[in-house]
Amino acid sequence: MKRAESLDASGRVVALAAGLRDEPDKVLESLSEPDALKDPYLTMVRLYGLRRTAPTSEVIQYLEKALECYPDSAGMRLELGRQLLGRSFDPGSTARSRDRQRAHELALEARELKRSMRLPSADAAFLAIQSALLAGDPTMAIQLGTAPPSGEALPIEAADPDVRLAVAQAAVLVGRIGMLEDISQGLPEGFHRAVIYAETLSNSNADEVVLRSAYDDVWALASEEEQRVLYWLSASSAGILPHGMPALNDRTDDVPLIVDVQLKIANGDAPGAIALLRSAPRTERTARALVSALLADGDASAAAGVLESSADRFSDATYLVRASEVLAGASLWARAAATAERALQRLPSSSADSRRRMHAVRTDAAWALQEWRAMAEAAQAWVDDLGPRGQQRWMLALARQQGGEPDQAWRAIQEPEPLLPGDAIEARVWVAAAARANHGPETARAILSLVRAYPDESALGDLAVAVFFGRGESHWGDLPVDVIEGFQDLLRTRSTEYSDGDAAGLAVVHGDAQSIRDALRPELEARARAVDTFAERVQDGWPYGALSTGVGSPYVQALLQRAAGCLPIATPDEAALEAELAIAIRSLASTVVVDASTVAIGGLVQDVWPTLRGNFSACIATTQQYRDAVECAESFKIPIAGSLFFDVRMGEVVAREADSEVQASLRRRAEWLVDALAELDRIDRPKLELIGEGAEDGLTWLSVVDLAKAKNLPLWVDDLGLRSLAAQEGVPAFGTYALLTALASSGAFEPDRAVAALRELRQQYVVDLPLDLEWLRHSAAKEHWMPGPSAFFFSRARSWRDAQKTYAIWSELVQAAGLQDPIRVAGWVHAASEGLVRALPRDRATEVLAALASKGAAAARFDSDAIGACLARVREVATSRGIHTPVPAAVNALYEALTIAAGPAEAARILLGGRLDALDRDVVRELVLGPGDTSHAAAE
């Protein structure tokens with residue numbers, strides 16, 4: 001060898017000899033990089049020297065050059081992949097995700113090269129699996145290491161012990177514990193088989209004696225230090241105190257700490273584990289252990305925080321993936337979505353599974369928050385990133401459908417190729433979108449087929465009935481008899497709550513859509529008139545609960561849907577209000593019972609709710625009202641396409657499509673109300689023990705009064721009728737208006753903030769609050785003078801206590817409405833008519849209504865259509881109250897004024913030229929033209 005070295009002018013022999021003598025410095029000294037790269041064998045010799053002496057980054061640079069020289073070398077690809085993967089373990093590296101991505105690509109390329117040359121390829125498969133695991137994609141790891149049909153590994157690759165161990169690790173991560181036994185059976189007897197068997201028992205809740213015996217076998221077979229470390233970590237995670245504790249405690253790394261922490265977590269002492277880890281140096285392993293401890297302690301938010309900081313500390317985007325999923329699992333949706341978006345910005349494009357999971361979190365978060373536009377944007381980003389596959393397209397279609405874009409929903413389902421529903425949820429999306437955007441006989445038949453494919457999914461059947469019968473016969477075209485009969489069969493199996501009792505009415509009919517409407521009319525009309533009756537009573541001071549009981553709907557649902565048209569919360573009597581103010585002041589800093597109506601009002605001013613609630617030492621709700629709220633929130637989650645109802649004013653059954661924005665708002669408010677009630681203390685009150693003798697079943701709205709009386713506590717209740725009932729029972733009660741007033745007057749609550757809160761409540765049809773002229777003007781202008789909350793103010797009797805002042809304000813606003821659009825005046829006339837007939841003696845009502853109609857006509861600048869609308873509105877109010885019609889008096893006054901101003905012919909033309917209601921036209925004709933008059937004026 002020495003003779004050869006002396007004759008070697010190039011230094012190659014010297015380098016080879018130095019390698020054999022394990023002299024890496026001599027190798028690098030005698031073999032330059034250019035010389036080494038001229039020969040593949042010498043390339044590997046110089047690589048030996050670099051690996052022993054140079055930093056990893058220099059080794060990687062050298063291998064990149066070598067691969068350029070020898071692009072078909074599978075070995076160099078593998079070596080470069082291993083070096084990149086090794087560098088990715090360095091917490092200080094800034095390219096960890098990129099290195100793992102490149103290692104994964106190199107491993108797959110090496111695998112294909114080896115396969116093509118029929119060389120053993122298990123080492124390449126193992127490297128690909130390792131890189132997938134480190135990239136946070138255990139599903140891909142399983143696929144790479146499993147033989148067909150479930151995976152893509154060659155049988156010889158799948159049988160390799162290292163591959164099997166890596167696949168076992170991935171199976172544990174995704175919870176596929178059943179795979180472990182199959183994997184272990186393919187391994188030879190020894191340490192690795194024993195540890196997989198023990199892991200299988202640990203994840204299967206095996207008997208402690210059996211589990212300990214299995215780990216004893218693992219310890220007996222652990223002959224190397226790496227195996228002993230694996231044993232210590234695995235046994236402690238299973239709650240088994242491991243062997244070899246003296247040797248373990250002699251270690252200077254973080255393994256002893258991790259073992260101690262895992263034992264504490266396994267034995268139920270998560271706080272102790274957290275305390276240990278908080279005081280320890282932060283490494284990747286201790287960070288992961290801290291996350292496990294925090295999750296075991298139920299603190300998902302803090303666990304996610306550790307993961308988020310770890311992503312920056314260790315330059316690893318997979319921590320963000322885990323953080324987002326932890327937050328989603330805890331229903332912390334807004335933060336989960338934001339974290340998922342950050343993860344997507346940092347994840348490499350090759351991490352397809354992780355990217356898919358982050359897109360799913362973003363869309364799920366928007367779905368949970370009922371933010372349909374955000375959901376559509378998230379789903380579209382998913383499609384753009386990973387392609388138009390089924391899952392992301394269904395999510396996009398659902399978002400478009402819920403967001404009121406049925407055509408776009410249908411497009412998402414149909415393009416680039418039609419999707420077929422694979423489960424009941426997808427079927428519901430398909431039915432809702434198709435019914436709007438692709439209606440016709442074939443769609444109707446397809447809807448029937450989907451319902452039959454999912455016979456146990458009642459929500460799908462309900463949706464099918466709603467979209468079919470709610471849209472009318474012309475919507476579906478010429479339907480075959482078997483399709484019509486199929487939907488009639490569906491109707492037979494579904495009941496709708498038309499009746500007032502517990503048992504819902506069931507109508508079974510045959511024929512077309514109009515025949516079905518005719519058959520349902522009696523029940524729908526009875527329900528509509530019951531709602532009108534109870535709504536009128538609530539507006540006059542009855543409890544809201546009476547309405548919910550009377551029409552058979554949950555108390556919370558009636559409150560959230562504002563079933564009576566408004567929410568009366570303020571006490572109209574001044575003396576009673578003073579008493580409530582005193583009760584509110586006495587109740588501060590003490591315990592109060594809280595009614596669901598109060599929380600519903602709080603949901604309209606969520607920014608001040610915590611402050612209001614914080615003025616009491618404790619707030620107690622009843623379990624019954626909490627359950628009522630949960631039931632209501634769950635019902636709002638069911639998507640609906642539309643409804644059939646009886647319009648009392650029109651006198652006919654009407655189909656109406658659901659307003660997706662309104663439905664989304666109701667869902668959000670119901671979920672907020674449930675969360676707010678969940679934060680209160682709750683006491684079960686299944687029976688009314690002190691009030692309502694003989695009426696305890698189902699009256700959840702009375703449970704708070706009964707509880708307050710039993711506990712001798714004040715009641716915070718915004719339902720005016722229930723507050724009055726509580727007073728009759730001797731229960732001290734107050735509402736939010738009294739509380740706000742008391743707090744503002746004492747300086748405990750900023751007056752401007754109180755005014756802003758009350759204005760927001762007024763805008764939400766909370767009524768009987770004191771006059772706020774500035775709000776009336778602002779609200780009317782905001783609504784473009786359409787009849788809205790400001791107009792509704794005038795429909796309340798309390799608003800007309802100072803009739804002269806109120807009329808002056810109303811006149812100002814109705815004049816402005818007429819300038820905006822004459823026809824809008826009629827709504828303001830109708831509101832004032834409702835309020836005045838309640839406030840004035842009956843003998844004056846007809847005269848006043850006639851005057852309102854005349855004033856409205858003048859404000860509308862005598863627009864013919866507006867005059868007809870004003871006359872119809874005052875007549876409807878008079879009829880509903882059993883008052884003589886004001887139309888003749890109004891027409892006489894208008895005809896007289898118009899005749900003076902423009903002459904009789906023009907007066908007649910104006911009064912008869914608009915869209916008069918059939919009930920008013922003959923009256924107007926007779927008064928203006930006389931009985932049977934067919935004169936020239938009539939012709940005009």
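**Cavity lining.** I looked up the second largest cavity in this predicted model. I find it lined by Arg-762, Tyr-765, Val-766, Val-767, Asp-768, Leu-769, Trp-775, Pro-789, Phe-792, Phe-793, Arg-796 and Ser-799. Its volume is about 100 Å³. Which elements each supply at least two residues of the lining? I get strand E9 (766-767) and helix H46 (789-793). H46 gives the most, with 3 residues. I then searched the whole structure and got 5 cavities of 30 Å³ or more.

**Confidence.** I checked pLDDT next. The protein has a mean of 84, and 90% of its residues reach 70 or more. Over residues 495-512 the value drops below 50, yet I count 37 contacts for this stretch beyond near neighbours in sequence. Residues 933-940 also stay under 50. For them the model has 6 contacts beyond four places in sequence. Which elements sit at the two ends of the scale? Helix H54 (residues 936-939) has the lowest mean pLDDT, 39. Strand E7 (residues 715-716) has the highest, 96.

**Helix H7.** I took helix H7 (residues 74-87), which has 14 residues. I get 20 Å from its first C-alpha to its last, close to the 20 Å expected at 1.5 Å a residue. Is H7 largely enclosed or largely open? 10 of its 14 residues are buried, so H7 is largely enclosed by the rest of the structure. I list the buried ones as Ala-74, Met-76, Arg-77, Leu-78, Glu-79, Leu-80, Gly-81, Gln-83, Leu-84 and Leu-85. Arg-77 and Glu-79 are among them. The cover over these buried residues includes helix H5 (40-53), helix H6 (56-69), H8 and helix H9 (122-134).

**Helix H20.** I ran the span check on helix H20 (residues 284-296) too. Its 13 residues should span 18 Å at 1.5 Å a residue, and its end C-alpha atoms are 18 Å apart, so the two agree. Which residues of H20 are buried? I note Glu-284, Thr-286, Ala-287, Ala-289, Leu-290, Val-291, Ala-293 and Leu-294. They pack against helix H8 (96-116), helix H18 (255-266), helix H19 (270-278), helix H21 (300-313) and helix H22 (318-329). H8 thus turns up here and in the cover of H7. Just after H20, I see Gly-298 with a positive phi of about 85°.

**Cysteines.** How many disulfides does the structure hold? I find 0. I looked at Cys-566 in particular. Its sulfur is 19 Å from the closest cysteine sulfur, in Cys-632, and that is too far for a bond. The cut-off for a disulfide is 2.5 Å between the sulfur atoms. Cys-566 is buried, with a relative accessible area of 0%. Cys-870 counts as buried because its relative accessibility is 1%, and the limit for buried is under 20%.

**Leu-559.** I closed with Leu-559, found in helix H35 (residues 555-560). Is Leu-559 buried or exposed? At 5% relative accessibility, Leu-559 counts as buried. Leaving out residues up to four places away in sequence, I find that Leu-559 touches Tyr-544, Leu-567, Ala-596, Ser-597 and Ala-600. I also took one distance. Leu-559 and Ala-158 lie 401 residues apart along the chain, and their C-alpha atoms are separated by 62 Å.

Notes. Residues are numbered from 1 along each chain as its sequence is written. This is a predicted model: local features need pLDDT of at least 70, side-chain atom pairs count only at pLDDT 80 or more; totals for chains, interfaces and linings use all residues. Side-chain values use heavy atoms; hydrogens and water are left out. Buried means under 20% relative accessible area, exposed over 50%, partly exposed in between (1.4 Å probe, protein chains only). pLDDT is the predictor's confidence in each residue, from 0 to 100. Helices (H or I, at least four residues) and strands (E, at least two) are DSSP runs, numbered from the N terminus. Contact means heavy atoms within 4.5 Å. The expected span of a helix is 1.5 Å times one less than its number of residues. On a 1 Å grid over the protein atoms alone, a cavity is a set of points where a 1.4 Å probe fits but cannot get out, and a pocket is an open set with protein on both sides within 12 Å along at least five of seven lines; lining residues have an atom within 4 Å of a point. Grid points are joined across faces, edges and corners, and a volume is the space filled by probe spheres set on the points.
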